[in-house]
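Subject: Structure handover

Hello,

Here is the structure we discussed, with notes on what turned up in it. Please read the notes with the structure open beside them.

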Amino acid sequence: MCGIVGLFLKDKSLEPQLGAMLSEMLVLLTDRGPDSAGIAIYGSSAAGHGKITVQSPSPEADFAGLDSEVAKEIGAPVAMTVKSTHAVLELPADKLEAAREAISTLRPDARVMGVGESIEIYKEVGLPEEVARRFDVSGMSGSHGIGHTRMATESAVTTMGAHPFSTGPDQCLVHNGSLSNHNNMRRKLRREGMKFETENDTEVAAAYLSHQIATGKGLGEALESSLNDLDGFFTFVVGTKNGFGVVRDPIACKPAVMAETDQYVAFGSEYRALANLPGVEQARVWEPEPSTVYFWEH
Amino acid sequence: MATSNLAKAVTHEDQHAAKVFDLSKTTLRELNQALHDASEGSNHTNWEIINPKGSHAVAVGVELPLQIDVRGSVGYYCAGMNQNSTITVHGSAGPGVAENMMSGTVVVKGDASQYAGATGRGGLLVIEGNASSRCGISMKGIDIVVRGNVGHMSAFMAQSGNLVIMGDAGDALGDSIYEARLFVRGSVKSLGADCIEKEMRPEHIEILQGLLDRAGVTDAKPQDFKRYGSARTLYNFNIDNADAY
Amino acid sequence: MTYHNPPTTPRKSATFDDYAMSEIRRAAATGIYDIRGSGAKRRVPHFDDLLFLGASISRYALEGYRERCDTTVVLGTRFAKKPIELKIPITVAGMSFGSLSGPAKEALGRGATLSGTSTTTGDGGMTEEERGHSEKLVYQVLPSRYGMNPRDLRRADAIEVVVGQGAKPGGGGMLLGQKISDRVAEMRTLPKGIDQRSACRHPDWTGPDDLEIKILEIREITDWEKPIYVKVGGARPYYDTALAVKAGADVVVLDGMQGGTAATQEVFIEHVGQPTLACIRPAVQALQDLGMHRKVQLIVSGGIRNGADVAKALALGADAVSVGTAALIALGDNDPRWEEEYQKLGSTAGAYDDWHEGKDPAGITTQDSELMKRVDPVAAGRRLANYLKVMTLEAQTIARACGKNHVHNLEPEDLCALTIEAAAMSGVPLAGTNWVPGKSAF
């Protein structure tokens, strides 16, 4: 139950402003979710490099020397940027899995929020404004991003329960609604090898899509199959390295508004999230249809 | 009709006396309180609301025949439970515009989100753009004219009143409809349970012409519309109809 | 002499008992599920499974009739400009005009007013009878929005957004054709005589994020004067209470599965929802976790019968209770004086629940103009007032015995449980032990 925003830039000249635009959109929907907020930003990384976003409840202890210790474990250089409770480690793309394992051994209390060539994820308990300020989201550039402000329904109000959820490389998902078959689906996905960190229904949706993509489906096909396999009410906004997708359940009663111009595609749970975007008055504005997959790729 | 004529006359005289509310400077509470406190015979019957930026509950519960122009797009429930006043949104409206309206006129110059005119009991709602899903859900006497298209499940459980759709209707139009009348000029993607096409008789042409006139529509002929309504097979429970659910 | 094998005693199945078999035969004959009124009739852990400890040497009792034990409750202190004050911690639950006759609704208003408490509209709008005779009236905003209008919203004393009901959490109301009279049809904007099935979700919002905006709209329409209640059925009381609070409710009304309904499927009444006793502690826990206990008031309903039930609900953390079925019984529902007529309807006094058929011999759950004359609103209202007074006196008696000068000072620690089930559900120790199943070791 929440507020969602998403922004996919077509015009490269806007990329330096992505973080600022996305965090303003999210702050405008603060009323829809007082519990936690999160943002995934798809930025750039050096060729052949990837990123791991790590979160820790005790960042001072956990992040001290983490870069050199991971570098030693994987035998490759690691650059680390610490922002409050989160740290982004940049390292050669072929060492991402090894680094992920090293982190879980070296810092058992730290959590990996996202892994990929371009994704960075920041999420915490608190209001969107606090979360955006804490991680200096406004200063970030990128090609696309997704944000979420949460009113928790049945699962805990914790950092790990905040959205976005990332369950595959460069993948993330945010959700407004409430799934009604997520417990059975979680058990099924667990049997098929997926790992879960929370009891949150949204994590199941994210893992479901990651699983579909891992079996060779494209983002569009994976979203299509979610319409048959996931029950309940949902509006999903998902990101991949190059893509941005939206789907609503067949009843489609959780709100969703989209706007498209030559410069961007934007998503908001309410129009007010879009109200300050450049040229929105002239944009094509519409509500996504039920059971219809929308996606864009760079 | 008397009240709306009065509103027009007063508006005309007080054109420059419009009271402006800037929602980037004053609160929603001050705006709605001022609209509720406006009294019969006041100088300010003409109100302008600027910078709504998707705010919710703009101009709700107005009782007097005021003329209210909202410059920009609004969030949920604009003009909710309206009585007598004429409210024009010069932009798009969020979910539930004019919900449970009693009387008066609400015009949305842009598009309307889901549940437009939900449970409305009277008055006229005109949407010049498209309306999204569930337009006219559980309507109870309101008249709604949509110049564009309407989304899925429109007129769901519609009890009474008229819904005029100049464009196309989405899936499951008029599902479980009671006695409301639906007029559609374009295509209907699918009809909901118990909703059927009905004959356009002279009295329906007359009703529809009246609705188009009130909505200021001059570019459509009633003869171009089809009428839909209840087959009344679900009015009393019959086990053989259980598949309809 | 021939030897006969001794016969075995005929034995009926515990699984296929007489009732189960009658249901199968009825379903096979009619092709429709059983519809009835009232709440769950199966036995579930209830307030009877709890006892108060009372005062002794370690605690001092208050003198009955002499030392004051207050019972006032103020509802809507969080946001409303005009909270409502009840003299007693018992209110009358929402019951629709349509389901009930006009005189019955009037009697509820009269009885509540004489007792200094409120009554509530239902899924059919506000009638002049009940507004006129109710000093404090709570106006329900339901999924159907039958009869909803801003005038009644403004002349209500509080507004209750109904999300669900204990008898049928997740379901909408029903009113079958027999009771859709001209007046009921007009109030609901429906054709006369149809089987009316109300929506199960609100037409213009879904979920707590939208509910917050709906509550904002209602507050704006009523200039932030009225307390806004949110009523939920006993399904997921912890989450539902927390979300109602987050959405901005002043008061949460929580209805357990023994709470009644005018009409719905028997299978729904008996198999969906949780017992009232099991709902209270999770709801109170949610309020405490949010720092809102006593700031957002909790009204509990579903199977409240006497002052002991009232005191126990309050001790578990409720601010007030509400009564529906019990109020109807006080008016005269299921009274043995109509036994002959109940028999003719295939029922018996105390079991009559075919409220949807509109043939109620007591004249309460009917729209039949002759039958409804059997309810004298003045006399029935007086009976309700007497009953509410007795319940209040009983609750005060218990509170004084526990040394409390206000019924709200009753605590879970004043209680013990007679069964392990009740101890686990209510979070109070099993009598004679310190054991709360699931929380502490035996």
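In these notes, helices and strands are DSSP runs, with at least four residues for a helix and at least two for a strand, numbered from the N terminus. By that numbering, A:Ser84 sits in the loop between strand E4 (79-83) and strand E5 (86-92) of chain A. Please keep in mind throughout that this is a predicted model.

Backbone points in chain A

A:Ser84 has a phi near 55°, which is positive although the residue is not glycine. Another point concerns a peptide bond: A:His163 and A:Pro164 are joined in cis, with omega at about 0°. A:Pro164 belongs to the loop between strand E8 (144-150) and strand E9 (172-179) of chain A. Both points are worth listing because most residues other than glycine have a negative phi, and most peptide bonds are trans.

Domains of chain A

The domain assignment splits chain A into domain 1 (2-44 + 125-297) and domain 2 (45-117). Between the C-alpha centres of domain 1 and domain 2 of chain A there are 24 Å. Where they touch, domain 1 of chain A supplies 13 residues and domain 2 of chain A supplies eleven residues. The domain 1 side of that contact in chain A consists of five nonpolar, three polar and five charged residues.

Sheet and helices of chain A

Chain A has an open sheet of seven strands, in the order E7-E2-E8-E1-E13-E12-E14, with antiparallel pairing. Strand E7 (119-125) and strand E14 (284-286) of chain A each have a single partner strand, so they stand at the edges with one side lacking a neighbour in the sheet. On average, neighbouring strands of this sheet are turned by 10° against each other, direction ignored. At the E7 edge, strand E2 (residues 36-42) of chain A pairs with E7(A) over seven bridges in the antiparallel sense. In E7(A), A:Lys123 is the bridge partner of A:Gly38.

Helix H1 (residues 18-27) of chain A lies across strand E1 (2-9), E2, E8 and strand E13 (264-268) of chain A, and runs at about 155° to E1(A).

Elsewhere in chain A, helix H3 (residues 66-74) and helix H4 (residues 96-106) pack with their axes 9 Å apart and at an angle of about 125°. That angle makes H3(A) oblique to H4(A). The crossing of H3(A) past H4(A) is right-handed. From H3(A) the contact uses A:Leu66, A:Glu69, A:Val70, A:Glu73 and A:Ile74, and from H4(A) it uses A:Ala98, A:Ala99, A:Ala102, A:Ile103 and A:Leu106. Sorted by class, the contact of H3(A) with H4(A) has eight nonpolar, no polar and two charged residues.

Sheet and helices of chain C

Chain C has an open sheet of eight strands with parallel pairing, in the order E5-E15-E14-E12-E11-E8-E7-E6. Which strands stand at the edges? They are strand E5 (90-92) and strand E6 (118-120) of chain C, each with a single partner strand, so one side of each has no neighbour in the sheet. The average turn between neighbouring strands of this sheet is 30°, direction ignored. E5(C) pairs with strand E15 (residues 320-323) of chain C in the parallel sense, over three bridges. C:Val92 has C:Val323 as its bridge partner in E15(C).

Helix H2 (residues 102-114) of chain C lies across E5 and E6 of chain C and runs at about 155° to E6(C). H7(C) lies across strand E11 (228-233) and strand E12 (251-255) of chain C, at about 155° to E12(C).

Helix H7 (residues 237-246) of chain C also meets helix H9 (residues 276-289) of chain C: their axes come within 7 Å and cross at roughly 40°. H7(C) is therefore oblique to H9(C). H7(C) passes H9(C) in a right-handed crossing. Residues in this contact include C:Tyr238 and C:Val245 of H7(C), and C:Cys279 and C:Leu287 of H9(C). By class, the contact of H7(C) with H9(C) has nine nonpolar, two polar and no charged residues.

Contacts between chains

Chain C puts 21 residues in contact with 35 residues of chain B. On the chain C side, the largest share, five residues, comes from helix H6 (residues 208-221) of chain C. That side of chain C has eleven nonpolar, four polar and six charged residues.

Chain B also touches chain A, with twelve residues of chain B in contact with nine residues of chain A. The side of chain B that touches chain A has one nonpolar, nine polar and two charged residues.

Regards

Key: Residues numbered from 1 in each chain as written. Chains lettered and ligands numbered in written order. Predicted model: local features only at pLDDT ≥ 70, side-chain atom pairs only at ≥ 80, totals over all residues. Contact = placed C-beta atoms within 7 Å. Nonpolar A, V, L, I, M, F, W, Y, C, P; charged D, E, K, R; others polar. Axes fitted to C-alpha atoms, helices over the stretch in contact; angles between N-to-C directions. Parallel < 35°, antiparallel > 145°, perpendicular 65-115°, else oblique. Left-handed = near helix turned anticlockwise from the far one by under 90°. Domains from an automatic or database assignment. Pairing = 2+ DSSP bridges.
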